[in-house]
Amino acid sequence: MTSEIVDAAKIEAEQIKSFRDFLFSYNKLSELCFVDCVWDFTSRTIRDQENSCAVNCAEKFLKANQRISQRFQEFQVISNENALAMAKKAG
């Protein structure tokens, strides 16, 4: 029963960390695209140029973030394979 509580706490902590990471990325995306794409503060409406800039900015940010995640996962796989090979050599 105690191990179930510990496991549930670990899962909850991981979920909180994932949500925190998501919020960090979302806030970074919002800030970058707002600064780069919103130019006209004289009107309440968003201009077509601003809208298309924001869409392109968000797409680029998300694609770059996805690519970085892929590379990180590839690096982790290679690193784990190398560690396993070294462990086999040593043992």
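Lys17 sits at 42% relative accessibility in this predicted model, so the residue falls in the partly exposed class. Its partner is Asp21: the two side chains form a salt bridge, with the closest N and O atoms 3.0 Å apart. Asp21 comes out at 39% relative accessibility and is likewise counted as partly exposed. Both residues belong to helix H1, and because they are 4 residues apart there, about one helical turn separates them.

That contact is one of 3 salt bridges turned up by a search of the whole structure. Another is found in helix H2, where Glu74 and Arg71 lie 3 residues apart, again about one turn of the helix. Their side chains meet with an N to O distance of 2.5 Å. Glu74 has a relative accessibility of 36%, which puts this residue in the partly exposed class, and Arg71, at 45%, is partly exposed too.

Asp40 and Arg47 make a salt bridge as well, and here the closest N and O atoms are 3.1 Å apart. The two ends of this pair fall into separate burial classes. Asp40 has 15% relative accessibility, and since buried means under 20%, the residue counts as buried. Arg47, by contrast, reaches 44% and is partly exposed.

As for charge overall, the protein carries 12 positive and 13 negative side chains. The centres of these two sets lie 7 Å apart.

Now for the backbone. The fold is made of 2 helices and 0 strands. Helix H1 covers residues 2–37 and helix H2 covers residues 48–90. The overall shape is not what a globule would give: for 91 residues, a compact globule would have a radius of gyration near 12 Å, but the protein has 21 Å. Along the principal axes, the C-alpha trace spans about 70 × 40 × 15 Å. Burial is scarce in the sense that 7% of the 91 residues count as buried. The accessible surface adds up to about 8300 Å², with 60% of this area belonging to carbon and sulfur atoms.

What holds the two helices to each other in covalent terms? The count comes to 2 disulfides, and the one between Cys33 and Cys57 has its sulfur atoms 2.1 Å apart. Cys33 is in helix H1 and Cys57 in helix H2, so this pair ties together parts that are 24 residues apart in sequence. The link is left-handed, with -90° about the S-S bond. Both of its ends are buried, Cys33 at 8% relative accessibility and Cys57 at 15%.

The other disulfide joins Cys37 to Cys53, also with 2.1 Å between the sulfur atoms. It too runs from helix H1, where Cys37 lies, to helix H2, where Cys53 lies, and the residues it links are 16 apart in the chain. This link is left-handed as well, at -65° about the S-S bond. Cys37 is buried, with a relative accessible area of 0%.

How do the bonded cysteines pair up when numbered in sequence order? The pattern is 1-4, 2-3. In residue terms, the link of Cys33 and Cys57 goes with the link of Cys37 and Cys53, and each of them connects helix H1 with helix H2.

Conventions. Residues numbered from 1 in each chain as written. Predicted model: local features only at pLDDT ≥ 70, side-chain atom pairs only at ≥ 80, totals over all residues. Heavy atoms only, no water. Disulfide = S-S within 2.5 Å. Buried < 20%, exposed > 50% of the residue type's maximum accessible area, 1.4 Å probe, protein only. Rg over C-alpha atoms; globule rule 2.2 N^0.38 Å. Areas by Shrake-Rupley, 256 points an atom, 1.4 Å probe, with all protein chains shown as cover. Lys, Arg positive; Asp, Glu negative; His and termini not counted. Charge placed at Lys NZ, Arg CZ, Asp CG, Glu CD. Salt bridge = Lys/Arg side-chain N within 4 Å of Asp/Glu carboxyl O.
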